[in-house]
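Dear colleague,

I am passing on a structure that may be new to you, together with some notes on what turned up in it. Please look it over first, and then read on below.

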Amino acid sequence: MTPAEMQFQTESSTEQKSQRPLVAIIGGGVSGAGVAYHLLKLAGNDAPDIVVFEPRPMLGRGLAYDTVDPAHRINVPAAKMSLQPDDVEEFQRWIEANNAVRDDPEAARENGQLFPRRRVFGDYVGSLLQPFLKSGAITHRRATVTAIRRRRDGWVISDDKGGLTEADIVAVATSHPPPVAPGRLAATLGDHPRFIADTTKPGALEVVRPQDRVLVIGNGLTGADVIASLARNGHEGPIVAISRRGLRSRGHAAAPQEPFGDFIADPASSAVALLRKIRLTIRQAAEQGLSWHAVIDQVRSQGHDLWRTLPVAERRRIVRHLRPYWDVHRFRIAPQVEAVLDAAIEARRLEVLAGSVADAKVEGETIHVMLQPRHAGERLERTFDAVVVTTGPAHGGILQTQPWLGELGREGYLVLDPTGLGLACSERSEAIGANGQVIPSLLISGPLARGTFGELMGLPQITEHTVFVAREIAEKLKEAATR
Ligand SMILES: Cc1cc2nc3c(=O)[nH]c(=O)nc-3n(C[C@H](O)[C@H](O)[C@H](O)COP(=O)(O)OP(=O)(O)OC[C@H]3O[C@@H](n4cnc5c(N)ncnc54)[C@H](O)[C@@H]3O)c2cc1C
């Protein structure tokens, strides 16, 4: 035992522990709150004590659904976002029953689909958890976890409110770390008043003035959100949005379609074979009057089985070469956001470029940026008043984003997944440690388990995974009780 561990044991020795096992869930977004909710439903009278660590005031929101920005909308129709895998329309019904979009006439599309503001989804998840919080079946510990140490078969968790919690099982559901600005850019622009490296911070965009020339680095959903938010805030200046391939997130099909194709009966065994199969299926779908959306939806819904059959080297190949294309087709933007972007492009206010930022320098408050276009030798020099980084969460560096994650890594309980998408875990979603050993009492819930489970970023896959992790935990508790 290290001196630090001995000290820790003494500090926590006065702590009380209830008779029931305790399951600690770190992170109270959909992935964490969903595990708590489904574990209670599955375990019934044998339910353990459940503590969810989450500094936000409400469980169920997490990063995506805690936003108060009215420009931020769900990017999947409400009828496909639910906390119940066997009742996908629950959220849609909840909206109708609670008249939850009464102040938002833009939420409904002509085809009947609803794309409410993201916060509304957080309200719905929170409402499902409320009875369990009231009854004490779930404890929301409004604190940030700062350390987790192994003790005998379990874990001791320290938090920033001075708490020590002994847990039998821990589920890590912290998912999205802050984005990381490209190193050289951060060094040059770090002190500039309109260099926005993390758009998830409340009010981050307020520093942008109406006529500012804005560079947006990253063209995915976060970039689209930023452009929609700027427009809503009255921004009228020119915007350049740059990403390596210049690909923009696509919109939704004009009318809802059922998923089309079959990718698991005879699964592809390589990245190239998978790509061929997707292209062929898109052609077959077109013959039946369906768009590519239906095919990508099927790849997504069969994503776990499909991913499992691929060797790690092929998974890596997909992440390296196909991911940007996958992301823009799979993460679609809400129609309302798409309309804002289209209007800005048409008005020549928004320019979408393929390339990278080669260099930047600051003169007063003016930012001179050298852009390297993807297929052209010549660099472009452009001048901006604000630079916004929208490259998305830095999952590949997850072990460096919080000290306790780094510590679990150094102690050999966590390692990065070989695809670089998150944390290594088993087919039971248990962490895999440095020596390849499975850590049965440490589970990973949500997007950080993507390396093993494949597509696991949005609903409904997140919901299915929370049920899966809850079931695993319930089984482990049952096994432990009969031992
Ligand atoms: C901006 C954005 C918009 C999205 N929009 C959609 C959408 O419209 N539809 C869709 O299907 N998917 C969407 N997604 C995908 C998203 O991954 C999932 O829908 C879902 O929100 C993921 O939730 P999560 O709980 O896994 O992660 P998160 O939302 O990241 O939640 C993790 C939680 O962990 C907490 N936490 C972190 N560290 C600690 C710590 N040390 N101690 C305690 N708590 C901690 C954080 O405060 C956070 O609340 C979006 C994702 C993002 C980033």
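Arg308 has a relative accessibility of 45% and therefore counts as partly exposed, since that class lies between the limits of 20% for buried and 50% for exposed. Please keep in mind throughout that this is a predicted model. The side chain of Arg308 meets that of Glu427 in a salt bridge, with 3.4 Å from N to O, and Glu427 is likewise partly exposed, its relative accessible area being 37%. This pair links distant parts of the chain, given that Arg308 belongs to helix α9 (residues 303–308) while Glu427 sits in the loop between α12 (403–410) and β15 (430–432), 119 residues apart.

A second pair is made by Arg332 and Asp297, whose closest N and O atoms are 3.0 Å apart in a salt bridge. Arg332 lies in the loop between α10 (312–330) and α11 (335–346), and Asp297 lies in helix α8 (residues 292–301), so this salt bridge ties together parts that are 35 residues apart in sequence. Both of these residues, Arg332 and Asp297, are buried.

In a third pair, Arg56 forms a salt bridge with Glu54, the closest N and O atoms being 3.6 Å apart. Here Glu54 is buried, because its relative accessible area of 7% falls under the 20% limit, whereas Arg56, at 26%, counts as partly exposed. Glu54 and Arg56 also belong to one network, in which salt bridges that share partners join them with Arg61, Asp66, Arg119 and Asp123. Over the structure, the count of salt bridges comes to 31.

The other topic is internal space. How many cavities of 30 Å³ or more does a search of the whole structure find? The search finds one, and the volume of this largest cavity is about 60 Å³. Two elements, α6 (221–232) and β11 (350–363), each give two or more residues to its lining, and the largest share, three residues, comes from α6. Among the lining residues are Gly218, Asn219, Gly220, Gly223, Ala224, Ile227, Leu350 and Val352, and the lining also includes Arg248 and Ser249. By character, the lining divides into six nonpolar residues, five polar ones and one charged one; Arg248 is the charged residue, because Arg counts as charged.

With best regards

Definitions and conventions
Residues numbered from 1 in each chain as written. Predicted model: local features only at pLDDT ≥ 70, side-chain atom pairs only at ≥ 80, totals over all residues. Heavy atoms only, no water. 1 Å grid on protein atoms, 1.4 Å probe; cavity = no way out; pocket = protein on both sides within 12 Å on 5 of 7 lines; lining within 4 Å. Points joined across faces, edges and corners; volume = space filled by probe spheres on them. Helix = DSSP H or I, 4+ residues; strand = E, 2+ residues; numbered from the N terminus. Salt bridge = Lys/Arg side-chain N within 4 Å of Asp/Glu carboxyl O. Buried < 20%, exposed > 50% of the residue type's maximum accessible area, 1.4 Å probe, protein only.
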